[in-house]
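Here is a short report for a reader who has not seen this structure before. Look through the sequence and the model first, then read on.

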Amino acid sequence: MFIESIKENWKYENANDDAAVKLWNAKADYFGSYDLEEVKKEIFIQIIKENNLIDKKGTILDVGCGAGKYSIALSDDCFKIVGTDLSPKMIESAQKRAKEYEKTNIEFRCDDWSKLDIKKEGMIHQFDLVIACMTPAICNYDTFKKFIDCSKNAGIFCSGTRRSDSVTDEIDKILGINKQESKSEKSVLYVFNILWENGYYPNVEYIDQSWDSERTLENAYEVYINRCKAKYDIDNIQEEKVKQYLKDISQNGVVYEKIKAKKAVVYWKK
């Protein structure tokens, strides 16, 4: 009964899949600019290592891998990794960074996780560890159930919960969109209970983070407008309002944003 309630309430968010791909394509350069040694120090990686979720003989599936920073950071700790993401440019960036760091045990592939047939692809129970960190690829019951079905031993899922974005939140106000309870916050509750109902004993840890981002005005147009189109399917008049706002707040052609977030990390092991 409870699972049926989750299926009914945990909905796929995107209003426009094409806009979602364009959004993440536009972010590929930014997400691909990481420093590997700094990534290895992140709490997400440390939780994996401290809880022995993977070993040198193990295989990893990285769902919504983006520009590959976690796949590359874990590549020396396992036998093989498969990273998947719906953005072609993210995958290109991931492949480029893997080559730069001379990591040869990673396969990056471009897939829409929500549509991927894991049975046809022979992925069911094929990975010792499945990971998904801050990705919209896990967006409803079916996408999460597929995620855990690919694991034969352990998994880790990280999602933002309470968050404030100085620019994004103001754009929502301009568009008349009331800030509601975070859907990602609810997803943590859904994930925990799905795992519990499937016989796991999930652990939860929290991470407080804040950071600044900066984008050229041209890139800001692409990122923020496609974000709006993906979630709300805005019209041309609303699009022009967003452009004007971004132009008004830009400084020497650059848009700055301050972000504060609390992330929840849910992990489990058989």
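## Helix packing

Helix α2 (residues 17-26) packs with α7 at an angle of about 30°, and their axes are 7 Å apart. Angles under 35 degrees count as roughly parallel, and α2 and α7 are therefore roughly parallel to each other. From α2, the contact uses V21, W24 and N25. From α7, P88, K89 and M90 take part. Keep in mind that this is a predicted model.

Which residues of α2 are buried? They are A19, A20, L23, N25 and A26. These buried residues pack against α3 (28-31), α7 and α11 (217-232). N25 appears both among the buried residues of α2 and in the contact with α7.

W24 of α2 also meets a charge. The charged end of K27 sits over the ring of W24, 4.7 Å from its centre. A second such case involves K146, whose charged end sits over the ring of W113 at 5.1 Å from the centre.

## Nonpolar cores

The largest nonpolar core has 34 residues. Within this core, F44, I48, L129, I131 and I156 have the most contacts. Elements giving two or more residues to the core include the helices α4 (36-40), α5, α6 (69-74) and α7 (88-100). The strands β3 (106-110), β4 (127-133), β5 (151-165) and β7 (254-269) do so as well. Apart from this core lies another, of 30 residues. Among its members are I118, I148, Y190 and I194.

Take F44 next. F44 lies in helix α5 (residues 43-50). Is F44 buried or exposed? F44 counts as buried because its relative accessibility is 2%, and buried means under 20%. Leaving out residues up to four places away in sequence, F44 touches Y70, I131, A132, C133, I156, C158, I207 and V265.

I131 has its own set of contacts. Beyond its neighbours within four places in sequence, I131 is in contact with F44, I48, I60, L61, D62, V63, Y70, L74, F147 and I156. F44 and F147 are thus both on the list for I131. Yet F44 and F147 are 18 Å apart in space, C-alpha to C-alpha. In sequence, 103 residues separate F44 and F147.

## Aromatic pairs

A pair of aromatic rings is described by the distance of the centres and the angle of the planes. How many aromatic pairs are there? The count comes to twelve. Two of the pairs are set out here.

| Pair | Centre to centre | Angle between planes | Class |
|---|---|---|---|
| F144 and F147 | 5.8 Å | 40° | tilted |
| F192 and W196 | 6.5 Å | 10° | stacked |

F144 and F147 both lie in helix α8 (residues 141-149). They are three residues apart, about one turn of the helix. F144 is buried, at 0% relative accessibility. F147 is buried too, with a relative accessible area of 0%.

F192 and W196 belong to helix α10 (residues 183-197). They are four residues apart, so about one helical turn separates them. F192 is partly exposed, with a relative accessible area of 27%. W196 counts as partly exposed at 46% relative accessibility.

Ring pairs also build a cluster. Its members are W10, F144, F147, F157, Y190, Y200 and W268. Y190 of this cluster is also one of the residues in the core of 30 residues.

Definitions and conventions: Residues numbered from 1 in each chain as written. Predicted model: local features only at pLDDT ≥ 70, side-chain atom pairs only at ≥ 80, totals over all residues. Heavy atoms only, no water. Buried < 20%, exposed > 50% of the residue type's maximum accessible area, 1.4 Å probe, protein only. Contact = heavy atoms within 4.5 Å. Phe/Tyr/Trp six-rings, centres within 6.5 Å; stacked < 30°, edge-to-face > 60°. Lys NZ or Arg CZ within 6 Å of the ring centre and 35° of its normal. Core = buried A, V, L, I, M, F, W, Y, C linked by side-chain atoms within 4.5 Å. Axes fitted to C-alpha atoms, helices over the stretch in contact; angles between N-to-C directions. Parallel < 35°, antiparallel > 145°, perpendicular 65-115°, else oblique.
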